[in-house]
Amino acid sequence: MSADLLEPILWAIGMALLAAVLFTGIGLISGTDETAIVAPLALLVILIGVPPAGVIAFFLAAIIAKHISHAVPTTLLGIPGDTTAVPMLREAQLLRSLGVPHIALQKAISGGVISVIIAIPLSILFAWVLTPFAEAIGAAAPWIFIAAAVLVAYTSKGKLAAVVALIPFVLIIVGLQAFILEQKDATFTTSFFLGIATGPLIYDLFSALSPTGRRSMTQAGKREFDLAPDVRPAGGAKLPNPFTVLDRQQLAYTGGSAVITSATFVFSPVAMAVLMGEIAGSRIKNGFHRLTTVVSVRNGTTESTYIAETLIPLIAIGLPLSPMAAGPAAPLFNAPPVYTLDAETGETNNLHDLLSTGEFALFSVIAAVIAILVAYPFVMRNAHRAATWVMKSVSHEAIIAGFVALICVICLYEGGLLALGVTITVGLIGGLFNRMIGMHAGVQFMGYYVAVLTVPAILAL
Amino acid sequence: MPQLLEVWNDTVDSKHLVGSITIGIGVAVPAFLISDHLFTTTGDAELGHSYALLIGIVGCLIGAVIAGILFKPKRVITQSQADTRNRQEVIDEVVEEYGDLGDPRDLKPAVQEEIRALGLFDALVDNHESRAKGTQL
């Protein structure tokens with residue numbers, strides 16, 4: 001090993017360790033959206049002046065650790081840990097009703113670990129394959145996004161209604177962006193994502209405020225939860241191996257989904273998690289086995305999509321051409337004055353230019369190993385204890401309080417009161433569309449990209 | 001009599017909810033605004049915003065912790081081997097929403113073993129059989 005590489009490696013190890021510990025903790029808190037949390041913290045790391053090796057390792061370790069520990073609130077509390085945890089919520093909730101929430105958790109995090117192991121090498125491989133076509137992909141991006149939006153909308157619960165509802169939704173975003181551009185000479189990203197991600201919460205809060213809405217939300221008494229006894233696989237205190245927590249069929253489906261979703265880097269991670277879960281679920285006859293398999297596949301997909309959607313555009317193209325790259329990973333592409341990106345000329349000076357493919361591979365592996373070594377044993381060992389503690393001592397009011405405060409702080413950070421207004425607007429409308437016509441957050445994210453990418457392309461025709 | 005509402009998939013008391021949100025915003029937003037003002041006037045603006053954000057996020061956590069100490073969860077936790085009758089009712093509810101959970105005896109031995117260890121095996125078999133009878137009638 002050359003001495004030149006030693007310093008970046010030490011940076012990568014240090015930053016990965018920091019991110020793994022920090023985000024294992026953050027993941028336990030429900031509703032801590034990736035875009036809202038990871039993007040600003042990655043930006044912070046970049047602006048402080050951490051070298052590229054530390055930045056990429058920090059970012060990857062953060063998302064890998066978070067997508068392991070986000071399964072804790074999702075499976076044990078029935079509240080999505082973040083946006084990507086939403087697709088596994090239903091299965092997790094059903095398993096919780098059956099009194100086995102810790103099994104949902106173990107399946108979810110084991111699926112995550114396996115997907116990380118598969119997605120890192122495959123993403124790098126696909127990036128290498130794609131590099132020659134980078135320009136063509138960039139040119140076709142607007143049309144890829146609109147096709148994906150229609151497809152994802154049609155496969156949502158809303159079916160045709162969700163497809164048609166894309167029109168008002170996209171127009172609202174276009175309108176808001178035009179107004180923001182006029183006022184601030186810049187556009188917002190985070191406040192739109194935050195609105196989409198927290199739509200159901202914002203809608204519920206409005207509904208609770210209105211006497212009409214409140215009537216339908218009233219509960220007769222406290223809700224009862226039945227926690228099953230803690231069950232550990234044979235072997236006692238030894239840490240369960242993710243390859244034995246999942247049975248062979250589950251390994252095959254989780255692995256297969258990770259392979260597929262490492263290639264489909266332009267689609268929304270939420271949508272891919274839904275789709276992969278449906279495909280795996282439709283092939284399993286036994287209902288109980290289907291529940292546990294879908295949880296592991298869906299959580300696995302949240303890891304593989306995030307890794308692929310970060311690494312492929314970074315390595316191959318250098319432009320934020322994936323939902324991830326335009327969201328949580330955005331600072332890796334564009335964080336002036338450290339990393340810059342000129343949308344007009346396509347000139348970049350970001351991680352794409354600062355790291356070679358080999359360096360990407362090396363630092364990604366370091367990040368993955370450290371994140372898994374920190375998050376997996378912690379969550380696996382303390383799952384049941386953490387669940388019991390959270391259920392008994394953490395009130396839902398406190399979680400909502402923390403989250404509403406977070407929305408306010410992040411919006412004020414991005415663009416003051418105007419950004420807060422944007423989040424409330426998008427959140428109320430998105431939440432309404434979500435609850436009333438079954439247009440889930442994944443469709444709405446795609447709607448956002450249609451608004452920022454496809455609409456300008458249509459107008460330019 | 002407190003008014004219990006279902007907000008964001010769990011039960012809250014409406015008064016406690018208003019109190020919690022007030023505390024959360026009351027701690028985090030001033031923390032962010034004050035530190036943002038201090039950092040940006042004394043040093044690098046871009047970096048100052050980021051540090052202020054970090055303090056704002058810490059403020060959110062502190063607000064949530066205060067709300068958590070003041071207001072207790074509205075959940076009743078039972079942690080026991082649920083009796084079989086109750087189990088059947090629970091499984092029926094799940095089946096109602098999700099469809100039949102199937103006969104665990106059809107599964108591979110390793111998977112059966114896992115369900116046995118969870119104590120769900122007999123309950124699932126019973127449920128499947130009573131459902132099979134139900135459809136025959």
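**Core and chain contact in a predicted two-chain model**

The largest nonpolar core of this predicted model has 203 residues, and those with the most contacts inside it are A16(A), A57(A), F58(A), A61(A), A367(A), A371(A) and V409(A). Helix α19 (residues 396-437) of chain A gives the largest share of this core, 21 residues.

Reader: What makes a set of residues a nonpolar core?

Author: The residues must be buried, belong to a list that includes Ala, Val and Phe, and be joined through C-beta atoms within 7 Å. A16(A), F58(A) and V409(A) are among the core residues with the most contacts inside it.

Reader: Which residues does A57(A) touch, not counting residues up to four places away in sequence?

Author: A57(A) touches A12(A), M15(A), A16(A), F363(A), I366(A) and A367(A).

Reader: Why is chain B called more spread out than a compact globule?

Author: Chain B has five helices and three strands. For its 137 residues the globule rule gives 14 Å, whereas the radius of gyration is 25 Å, well over that value; chain B is therefore more spread out than a compact globule. Its C-alpha trace spans about 80 × 45 × 25 Å along the principal axes, and 38% of its residues count as buried.

Reader: How many residues does each chain bring to the contact, and what is the class of those from chain B?

Author: Chain B brings 68 residues and chain A brings 58. α2(B) gives the most to the side of chain B that touches chain A, with 15 residues. By class, that side of chain B has 39 nonpolar, 18 polar and eleven charged residues.

Key:
Residues are numbered from 1 along each chain as its sequence is written. Chains are lettered from A and ligands numbered from 1 in the order in which they are written. This is a predicted model: local features need pLDDT of at least 70, side-chain atom pairs count only at pLDDT 80 or more; totals for chains, interfaces and linings use all residues. A residue is buried if 20 or more other C-beta atoms lie within 10 Å of its own, exposed if 12 or fewer, and partly exposed in between; C-beta atoms are placed from the backbone. Helices (H or I, at least four residues) and strands (E, at least two) are DSSP runs, numbered from the N terminus. Two residues are in contact if their C-beta atoms, placed from the backbone, lie within 7 Å. The radius of gyration is taken over C-alpha atoms; the globule rule is 2.2 Å times the number of residues to the power 0.38. Ala, Val, Leu, Ile, Met, Phe, Trp, Tyr, Cys and Pro count as nonpolar, Asp, Glu, Lys and Arg as charged, and the others, Gly among them, as polar.
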